[in-house]
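Colleague: I am new to this one. Please take me through one part closely, then show me what lies around it.

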Amino acid sequence: MTPDPASKRPTSTQFSRGLGAAALVGSAWLLLFGLFLSPNDRVQKTGVRIMYIHVPSAWLAYLAFIVTGLSSAAYLWKRTRSLRWDRLAGASAEVGVLFMGITLVTGSLWGRISWGTFWTWDSRLTTTAFLFVTYIGYLAVRDLGGTHQQRARRSAVLAVLAVLEVPLVHFSVKWWRPLHQQESVAEGELKGLMLFTLFVGLISFTLLYVWLVLHRQRVMEMDDARDDHGLDLALAERRNEALEPR
Amino acid sequence: MSTWRVARLVAGKDLRIEWRSRVMVNQVLPFAALVMVLFAFALDNDSVLTRVAPGLVWLATMFCLLVVVQRLFAVETADGALDALRVAGVHPGGIFLGKALALAAQLAVLELVLLGAAFVLYRAEFAAGGAVLLVTTFSTATTGLAFVGTLYGGLAAGAKGRETLLPLLMLPVVAPVLIGATRATEAALGTGGATPSEGWPWIGLLALFAALFGAGGTLAFGSLIDE
Amino acid sequence: MIAMLNAPYVIGSYVVTFGAIAAYAWRLVVRARRTAREIPAEDRPWT
Amino acid sequence: MRLSDVVAVLGGFPALAGATLTVHRSEILLLRGPNGAGKTSLLRLCAGLLPVERGEAVVLGCDLANDRAAVRARVGLLGHANGLYSDLTVRDNVRFWGATVGATAGEVEASLTRMGLAGRLAGVAVGRLSAGQRRRTALACLVARRAELWLLDEPHAGLDAAGRDELDATLRAATTAGATVVVASHELERAGALATRVVEVVGGQVREVAE
């Protein structure tokens, strides 16, 4: 007897399975190159190895928030209004928060090695921390309840406001401590195998991002469908209530 | 009814409520003074206190902002007045501007008291040359805070009783005001050898902040309090 | 190689990263299975 | 006002499950039915507070699905909550709600008199009033709002005999002036005498009641 594959992996398709496999292979490569095959950096020594995960996760987190902002705008715009945009925004924000959390943890571990401290009030770091908190708030607002349309409208407005907020926070923090080192990451110095490893990291994080968002978004769609389905059942029950003799 | 008339009506109503209930005078201002005293306990050093006085004034303002915003929307949700406002069909942008106006007026009083407390308790020094900058800083920062406070307060109130979310949503957003207003106030008071000319760029940031959230709030407030 | 300077920090960051992603992905799959049982197949248009 | 097969959802629960109802101009319609039948939801839906999930709802000639803003200013809703500011006086409350539709000072005073609130009571903060007096104040606000469609949820609750008489007279006067009134009430005798038509709400649906 073969189990129904659809119920074991309800959110996967051939495409997403391929994507997942590619993401796994990419991650394995990243581990291999990042931890073993790539050489130590002259300046950063072993610290550079953290960069292979830190930089891609930071980039993808920013990309995720851009996707959230754009799809929220697409939801608010009347002609493209669809709950699909809302779900994409939500899924992307959730994965973005995950990656941003990873960015903060790996960043402070890297900072401990390179600067001797877990945290500095660098504008990039601080903006990142604020983004993290802002999108945690965004996810909390998504959970507030109400109809799907209410959820979508509230959170879309919030996401667009967050887009306004980010540059303001960034520039205010930047002017606040102007004397700090500008470049915290020495991407420009990476060459050869190190650059290749960073590239592997970027590819595999992109694959992971797409896979996670795709599945998260499908789970949300199922949740929404379940709510609608529940409504139909409740509706039928409610109608029977009226038929009962009094 | 025009947006401005709605704004005037709502602001007048909120200030009248404030005048009658005296929550600001009897509760928020004592709380603000208390916070200023507690800062002194925590920092326990006169020269440090004088140095950080502008920052503490604005930090205390942020804390009180949370309290005032919650009160601002509690009067609407307590007896279903928010629903009634929605049914009354008044322009939501007008409600936003009106409530922001009332909030700004209350914040202005609060900030005056906090600034006075900083002079008395922390021995902050006043430089006459920075008076214009000081007034400009306080008015632009207050405008920005009032817009953000009303916007996020409305979001929390529209979401029915989830006011606990307010600090999490609002504090990250007002961070630029905290930074900008602190630096500009330092420049105006000459704290730590700062000069007024260092303060003016921050006014630009504060004004941009106020303009962005004022416009955003007027447009978006309807969809936040609706339903 | 693996016996390197600051190994706890480097390895720790890899463990945190892939641990967090794997935990999140696992949670997604579990949730998907649970929800899928409650809805008819036609509500999954991608299959 | 016309509802056809309207479904409305409140917190995932179908408060209205296919309600169909037509209300004519100048009618006083009584909604009766057990608790939880959907009376309040029906009123809130007509006021544009509850979104129409399915079906069609046309109120005062405007489709609620896309023109709620146009309806809102023209209806008056008295829900379970009074929608009053407890720190303000009776007069201030009526003046504020009247001002949202541009009522003059004379109209405000007339509304206060109508509900027996003129005089000393008008200067008292709403928070210090009894429940019945608050209800009167809310009704006075509604009078000042000059609505074309009055939606009243248990308006008689808490009112004394004089207040009920004043309310009934007010509603009759409003319908004579061309307004339409929908009342949800459990006090069938009182409201039944007032109403020109009665329907029953059960299980989120509306049933006509044979006279």
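Of the 225 residues in the largest nonpolar core, which touch the most other members?

Modeller: This is a predicted model: local features need pLDDT of at least 70, side-chain atom pairs count only at pLDDT 80 or more, and totals for chains, interfaces and linings use all residues. Residues are numbered from 1 along each chain as its sequence is written, while chains are lettered from A and ligands numbered from 1 in the order in which they are written.

Now the core. Leu114(B), Val75(D), Trp150(D), Leu151(D) and Val183(D) touch the most other members. A nonpolar core is a set of buried Ala, Val, Leu, Ile, Met, Phe, Trp, Tyr and Cys residues joined through C-beta atoms within 7 Å. Buried means 20 or more other C-beta atoms within 10 Å of the residue's own; 12 or fewer is exposed, and in between is partly exposed, with C-beta atoms placed from the backbone.

Take Trp150(D). Setting aside residues up to four places away in sequence, Trp150(D) touches Gly76(D), Leu142(D), Leu171(D), Ala174(D), Ala179(D) and Val181(D). Contact here means C-beta atoms, placed from the backbone, within 7 Å.

Next, Leu114(B). Leu114(B) is one of the helix 5 residues of chain B that meet helix 2 of chain B. Helices (H or I, at least four residues) and strands (E, at least two) are DSSP runs, numbered from the N terminus. Two packed helices are described by the angle between their axes and the distance between the axes. Helix 2 (residues 23-43) of chain B and helix 5 of chain B have axes 10 Å apart, at an angle of about 35°. Axes are lines fitted to C-alpha atoms, for helices over the stretch in contact, and angles run from 0 to 180 degrees between N-to-C directions. From helix 2 of chain B come residues including Val28(B), Ala32(B) and Met36(B). Helix 5 of chain B offers Val109(B), Val113(B) and Ala117(B), among others. This contact has 14 nonpolar, one polar and no charged residues. Ala, Val, Leu, Ile, Met, Phe, Trp, Tyr, Cys and Pro count as nonpolar, Asp, Glu, Lys and Arg as charged, and the others, Gly among them, as polar.

Helix 5 (residues 92-121) of chain B has another partner. Its axis comes within 7 Å of that of helix 8 (residues 200-225) of chain B, and the two cross at roughly 110°. That makes helix 5 of chain B roughly perpendicular to helix 8 of chain B. Angles of 65 to 115 degrees count as roughly perpendicular, under 35 as roughly parallel, over 145 as roughly antiparallel and the rest as oblique. Pro92(B) and Phe96(B) are among the helix 5 residues here, and Phe221(B) is one of those from helix 8. This contact divides into six nonpolar, four polar and no charged residues.

The core residues named above sit in chains B and D. Between these chains, 25 residues of chain D are in contact with 20 residues of chain B. Helix 3 of chain D gives the most to the chain D side, with four residues. That side holds 15 nonpolar, seven polar and three charged residues.

Chain C stands apart from both. No contact joins chain B and chain C, whose closest C-alpha atoms lie 23 Å apart. Chains C and D have no contact either, with closest C-alpha atoms 16 Å apart. Among the four pairs of chains that touch, chains A and C have the most contacts.

Conventions
Contact = placed C-beta atoms within 7 Å.
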